[in-house]
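Visitor: I'd like a walk through this one, taking it a piece at a time. Could you show me the sequence and the structure before we start?

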Amino acid sequence: MSADLVSDDLWERVAPLLPARAPCRHRYLGRLPADDRAALCGTVYVLRKSVSWRYVPAELVGCSGVTAWRRLRDWTEAGAWPRLHEVLLAELRRDGLLEMDDAAIDASHVRALKGGSHTGPSPVDRARPGSKHHLIVDRNGTPLAVCLASGNRHDVTQLMLLLDAMSRIRGLRGRPRRRPRRLFADRGYDFDKYRRLIRARGITPKIARRAAPHGSGLGRTRWVVERTFAWLHQFKRLRIRYEIRADLHLGLLQLACSIICLRRLKTSF
């Protein structure tokens with residue numbers, strides 16, 4: 001098992017969130033189940049290298065790729081990844097590393113080779129099946145929430161869903177933080193209806209106008225979300241969607257966001 005795949009810092013935060021396995025009732029146990037940390041190593045290995053699950057090197061991670069996939073399925077169904085992301089965001093806020101007054105939102109298209117739910121004919125990829133990653137970040141590019149949608153859905157249709165996906169971020173005494181004060185977006189979100197919905201939630205929309213000349217200055221704030229997409233695409237498994245099950249692909253996406261948050265914590269010292 002390689003410490004480069006799952007550091008002690010990551011494992012200490014993940015372990016309490018994993019569901020306990022039921023004890024075996026048989027007298028003769030046979031082969032013992034693989035260690036959870038080894039299964040997480042296999043999952044992170046696939047996330048970084050984008051190899052097929054069957055080709056995960058068991059001698060490196062400590063278990064087979066099939067076992068890692070099964071644990072990923074169980075942990076995703078138990079809701080471990082959103083809780084891990086929430087824990088790390090709370091730590092960032094506690095240390096003063098979250099700047100939520102300004103937030104930026106955007107979407108990125110990925111091809112879905114095997115189809116599945118939350119896929120559709122992409123208008124930017126010759127109608128091939130695809131999905132979209134929708135992301136909202138703070139002023140520093142820290143991912144606050146992420147969701148998955150079909151490749152043919154307009155970006156603005158996921159705007160309110162993404163705001164609703166933001167967790168209640170604790171970490172400081174008082175009321176948890178859940179909403180930014182200002183939301184920056186490109187021309188794809190330029191609809192007065194959604195401006196009204198955003199204002200109704202106490203958020204000031206900063207959305208570029210269509211057919212207006214460039215040079216509004218919003219790009220000086222919005223570029224951080226594009227950089228975060230670049231960070232996410234360093235995890236090769238997220239560049240192309242191979243998972244047929246949408247929840248498993250979203251789980252990998254949420255795990256990658258948590259790893260980015262953990263890096264932010266470690267580099268702040």
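Guide: Sure, and one term before we go: helices (H or I, at least four residues) and strands (E, at least two) are DSSP runs, numbered from the N terminus. Keep in mind that this is a predicted model.

Visitor: Let's begin with Arg178. Where does Arg178 lie?

Guide: Arg178 counts as partly exposed, because its relative accessibility is 29% and that class runs from 20% to 50%. As for its place in the chain, Arg178 is in the loop between helix H6 (159–165) and strand S5 (182–185).

Visitor: Which residues does Arg178 touch, not counting residues up to four places away in sequence?

Guide: One of them is Asp164, 14 residues away in sequence and 9.0 Å away in space, C-alpha to C-alpha. The full set, leaving out residues up to four places away, is Met100, Asp164, Met166, Ser167 and Arg168.

Visitor: How far is the backbone oxygen of Met166 from a polar atom of the side chain of Arg178?

Guide: The Arg178 side chain makes polar contacts, for which the cut-off is 3.5 Å. It reaches the backbone oxygen of Asp164 at 3.1 Å. For the backbone oxygen of Met166, the distance to a polar atom of that side chain is 3.0 Å.

Visitor: Leu172 caught my eye too. Which residues does Leu172 touch, not counting residues up to four places away in sequence?

Guide: Leu172 is also in the loop between H6 and S5, and it is partly exposed at 45% relative accessible area. Gly251 is 79 residues away in sequence and 27 Å away in space, C-alpha to C-alpha. Beyond four places in sequence, Leu172 touches Arg93 and Arg94.

Visitor: Now H5. Which helices and strands do the buried residues of H5 pack against?

Guide: Helix H5 (residues 80–94) has 15 residues and reaches 21 Å from first C-alpha to last, close to the 21 Å expected at 1.5 Å a residue. Its buried residues include Trp81, Leu84, His85 and Arg93. They pack against helix H1 (8–14), helix H2 (36–49), helix H4 (65–77), strand S4 (143–150) and H9.

Visitor: What phi does Gly96 take?

Guide: Gly96 comes just after H5. Its phi is positive, at about 70°.

Visitor: Where else is phi positive, say at Ala127? What value is it near?

Guide: Arg126 and Ala127 belong together here, with Arg126 in the loop between strand S2 (120–121) and strand S3 (129–138) and Ala127 in the loop between S2 and S3. Arg126 is exposed at 75% relative accessible area, while Ala127 is partly exposed at 49%. Phi of Arg126 is positive, near 55°. For Ala127, another residue other than glycine, the positive phi is near 65°.

Visitor: On to the aromatics. Are the planes of Trp75 and Trp81 stacked or edge-to-face?

Guide: The model has two aromatic pairs. In the pair of Trp75 and Trp81, the centres are 6.2 Å apart and the planes 75° apart. Trp75 is buried at 2% relative accessibility, and Trp81 is buried at 1%. Since planes over 60 degrees apart fall in that class, the pair is edge-to-face.

Visitor: And the charged end of Arg210: over which ring does it sit?

Guide: The ring belongs to a pair with Tyr194, edge-to-face at 6.4 Å centre to centre and 75° between the planes. Tyr194 is buried at 14% relative accessible area, whereas its partner is partly exposed at 28%. The charged end of Arg210 is 4.6 Å from the centre of the ring of Phe191.

Visitor: What about the largest nonpolar core? Which helix gives the most to this core?

Guide: This core has 75 residues, and Ile136, Leu159, Leu183 and Leu232 touch the most other members. Ile136, for one, has contacts beyond four places in sequence that include Ala103, Leu144, Met166 and Leu183. With 11 residues, the helix that gives the most to the core is H9 (residues 246–267).

Visitor: How many of the 22 residues of H9 are buried?

Guide: The end C-alpha atoms of H9 are 32 Å apart, which agrees with the 32 Å its 22 residues should span at 1.5 Å a residue. H9 is largely enclosed by the rest of the structure, because the number of its 22 residues that are buried is 16.

Technical notes: Residues are numbered from 1 along each chain as its sequence is written. This is a predicted model: local features need pLDDT of at least 70, side-chain atom pairs count only at pLDDT 80 or more; totals for chains, interfaces and linings use all residues. Side-chain values use heavy atoms; hydrogens and water are left out. Buried means under 20% relative accessible area, exposed over 50%, partly exposed in between (1.4 Å probe, protein chains only). Rings of Phe, Tyr and Trp (its six-membered ring) pair if their centres lie within 6.5 Å; planes under 30 degrees apart count as stacked, over 60 as edge-to-face and the rest as tilted. A charge sits over a ring if NZ of Lys or CZ of Arg is within 6 Å of the ring centre and within 35 degrees of the ring normal. A nonpolar core is a set of buried Ala, Val, Leu, Ile, Met, Phe, Trp, Tyr and Cys residues joined through side-chain atoms within 4.5 Å. Contact means heavy atoms within 4.5 Å. A polar contact is a pair of N or O atoms within 3.5 Å; within protein, one must be able to donate a hydrogen and the other to accept it, and residues adjacent in sequence count only if both atoms are side-chain atoms. The expected span of a helix is 1.5 Å times one less than its number of residues.
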